[in-house]
Amino acid sequence: VDYSPFLGIEKGAVLQEARVFNDPQLDPRRCSQVITKLLYLLNQGETFTKVEATEVFFAVTKLFQSRDMGLRRMVYVIIKELSPSADEVIIVTSSLMKDMTSKTDMYRANAIRVLCRITDGTLLTQIERYLKQAIVDKNPVVASAALVSGIHLLQTNPEIVKRWSNEVQEAVQSRAALVQFHALALLHQIRQNDRLAVNKLVSSLTRGSVRSPLAQCLLIRYTSQVIRESTNDTQTGDRPFYDFLEGCLRHKAEMVIFEAARAITELNGVTSRELTPAITVLQLFLSSSKPVLRFAAVRTLNKVAMSHPTAVTNCNIDMESLISDQNRSIATLAITTLLKTGNESSVDRLMKQITNFMSDIADEFKIVVVDAIRSLCLKFPLKHRSLMNFLSNILREEGGFEYKKAIVDSIVILIRDIPEAKESGLLHLCEFIEDCEFTYLSTQILHFLGIEGPKTSDPSKYIRYIYNRVHLENATVRAGAVSTLAKFGAMVDGLKPRIFVLLRRCLFDNDDEVRDRATLYLNTLGGDGAVVETDDGVKEFLFGSLDVPLVNLENSLKNYNPSEKAFDINSVPKDVKTQPLAEKKATSKKPTGLGAPPPGP
Amino acid sequence: ESCPSIKNILLLDSEGNRVAVKYYSDEWPNNSVKEAFEKSLFTKTQKTNARTEAEIAMFESHIIVYKFVQDLHFFVTGAENENELILVTVLQGFFDAVGLLLRGTVDKKEALENLDLILLCLDEIVDGGIILETDANVIAGKVASHSIDAAAPLSEQTISQALATAREHLARSLL
């Protein structure tokens with residue numbers, strides 16, 4: 001039995017229980033328990049109607065009468081969860097304001113957080129005085145509460161929060177570690193559009209004392225901003241503040257070391273000399289026992305490899321050992337980095353290592369590797385044979401649609417961009433469609449074969465593969481194969497006799513689309529099987545693109561009223577009001593392969 | 001240049017069900033979206049070994065750090081370009097604070113029986129996405145006792161004193 005103290009809990013029953021909040025003699029422990037149950041329900045996604053939420057809220061407000069600290073703490077939490085509306089907030093305002101000026105630090109800190117969460121502009125001006133005092137309060141928890149609330153309020157009431165600059169500035173000097181962190185974050189947000197102010201802030205803090213790793217990370221970020229915005233004094237030695245960043249590489253906190261290393265790698269026009277100390281540090285992280293460190297380092301180095309591959313080659317040995325990392329994200333990043341930094345002679349060895357690796361990882365990682373291999377092949381076109389073989393092999397193994405499509409797209413791109421790879425590439429695709437489970441891919445490949453095949457030195461060798469599709473596949477693929485055969489016949493006169501024989505056999509197909517296409521081509525290609533040229537107009541008619549979007553054509557046809565005036569295709573509008581598809585893709589522009597599949601049924 | 005930001009903290013059980021979760025971002029606008037995220041994330045990370053060291057993954061263009069103990073799965077989510085080490089510091093703070101508050105017996109049963117402590121813990125770590133505190137002793141101290149100066153790290157004795165109060169919670173079982 002899966003034990004849970006909330007087994008069988010039911011919203012209605014708990015709402016009934018909440019009536020104890022109205023008792024004149026409050027039992028703090030009991031009330032705390034009920035609040036816990038309410039929070040449990042809310043956390044589990046239970047919905048409260050507006051009426052229920054309001055009732056609970058009003059009942060909860062009664063609990064301010066108790067002086068029990070544990071209960072009060074729970075009250076603060078549930079008020080925030082219930083997110084009362086503006087008119088409900090009024091009920092608790094005075095209680096919270098009282099707590100905000102309480103002698104008890106915990107009350108002050110939490111009341112501030114609750115008030116600022118539920119407040120509006122008018123209330124804010126009333127309590128502003130106390131917030132400013134709280135920012136410089138001796139108790140760090142109170143100060144942090146006010147500062148963090150200020151950061152949130154900056155989104156909705158910036159004019160008010162900006163008036164607290166002096167207090168926030170003072171808090172930046174606080175000796176309490178996190179107070180400085182929060183103050184720094186708030187001050188920067190207040191001043192972020194004032195370049196000079198940020199510059200001053202960074203200058204003073206890089207020379208002063210920073211009391212927490214978090215604050216140091218912030219400072220590194222702001223320093224990067226200042227460096228980015230400063231005018232390039234390229235002649236005179238180092239970048240401003242580079243020394244500060246470099247110094248952070250020796251900080252005792254790992255988060256600071258990493259933040260600094262990353263910041264250096266992201267400097268505009270960073271030089272190899274500037275990169276070196278950062279890469280050294282990241283290299284050390286690669287062999288850490290902590291996956292998070294290895295991941296952070298390899299991810300950063302992966303990015304650096306895009307623009308400065310030579311700077312990363314020193315890490316290749318460490319990268320290679322990461323190929324077998326238990327964490328597959330790390331392994332994939334290592335491989336793709338190696339693919340970027342590898343030179344021509346290491347390609348073969350790399351491919352061997354990757355072959356073993358591919359069977360171990362999920363499709364989403366495989367796709368990343370496939371993209372990297374494609375880039376590598378374009379970089380070293382002389383290696384096309386082994387890389388193309390590799391792609392062809394993985395194409396034949398297990399995998400989902402997106403993965404196979406990625407491989408096919410890569411092969412298509414290589415065929416287009418590397419002339420020497422065309423013939424072998426097309427043959428690989430032919431072999432693939434002999435055993436392809438995805439209709440979409442088969443038809444797209446057949447279409448592509450129809451375009452590229454006729455241009456090769458010996459187009460006839462593809463005919464067998466294409467015609468076999470007419471026997472063995474579903475109707476959609478068969479129809480596609482018929483069109484491809486016709487294309488070959490149209491473009492290569494010498495093949496016409498053979499094509500005509502094959503097309504005539506298609507007239508007996510079960511499917512009418514297949515038969516119709518065969519009929520169309522037999523009647524229009526011309527010559528009835530003789531070796532003649534197909535008229536250019538016919539080629540355009542059969543294989544040219546439709547000038548108008550299908551959707552518009554369909555609409556126009558529907559609207560056409562049969563009359564003496566014939567339907568005029570020129571009357572169909574050419575632009576399409578496209579509905580933007582929600583595309584959650586990475587920002588990098590991928591070179592297109594076969595194109596996107598149509599929206600499915 | 002932005003302040004480090006936490007998108008959510010999740011505590012799930014060994015089947016991917018919620019024990020306690022807190023979201024700090026509008027990216028998950030309603031409960032079904034949240035649950036779908038949790039289920040997918042759980043499935044994706046389920047087979048990894050995140051018991052000795054914190055693990056990390058990229059998921060739906062977020063960075064997730066996570067750690068498992070007994071039948072509990074802890075997750076912290078940040079943006080794709082966030083400093084991973086900051087995220088893991090938050091995770092470790094939450095993880096260790098829960099360990100202190102549950103007096104070393106960190107499993108689902110204990111967590112649910114002390115759900116108030118867990119929720120208070122979350123409330124002390126992140127406020128609206130901004131990191132409040134990462135030191136587990138400080139976090140646990142603030143949760144377990146309200147009479148002690150919250151900012152001072154607790155000695156072992158004060159922790160056990162504070163947790164005696166927490167044990168009192170336990171004694172009053174949720175009948």
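In what order do the elements of chain B run from the N terminus on? The order is β-β-α-β-β-β-α-α-α-β-β-α-α, which adds up to 6 helices and 7 strands (DSSP runs, H or I of at least four residues for helices and E of at least two for strands, numbered from the N terminus).

A word on the ground rules: this is a predicted model, where local features need pLDDT of at least 70, side-chain atom pairs count only at pLDDT 80 or more, and totals for chains, interfaces and linings use all residues. Residues are numbered from 1 along each chain as its sequence is written, chains are lettered from A and ligands numbered from 1 in the order in which they are written, and side-chain values use heavy atoms, with hydrogens and water left out.

Staying with chain B, 58% of its 175 residues count as buried (under 20% relative accessible area, against over 50% for exposed and in between for partly exposed; 1.4 Å probe, protein chains only). Of the contacts in chain B with a separation of 6 or more, 48% come from residues 24 or more positions apart; contact here means heavy atoms within 4.5 Å.

Over in chain A, A:Ser212 sits in the loop between helix H12 (195-207) and helix H13 (213-229). A:Ser212 is buried, at a relative accessible area of 7%. Beyond its neighbours within four places in sequence, A:Ser212 touches A:Ala177, A:Leu178, A:Gln180 and A:Phe181. With A:Ala177, 35 residues away along the chain, the C-alpha separation is 5.0 Å.

Another loop of chain A, between helix H23 (384-396) and helix H24 (401-417), holds A:Glu397, which is partly exposed at 42% relative accessible area.
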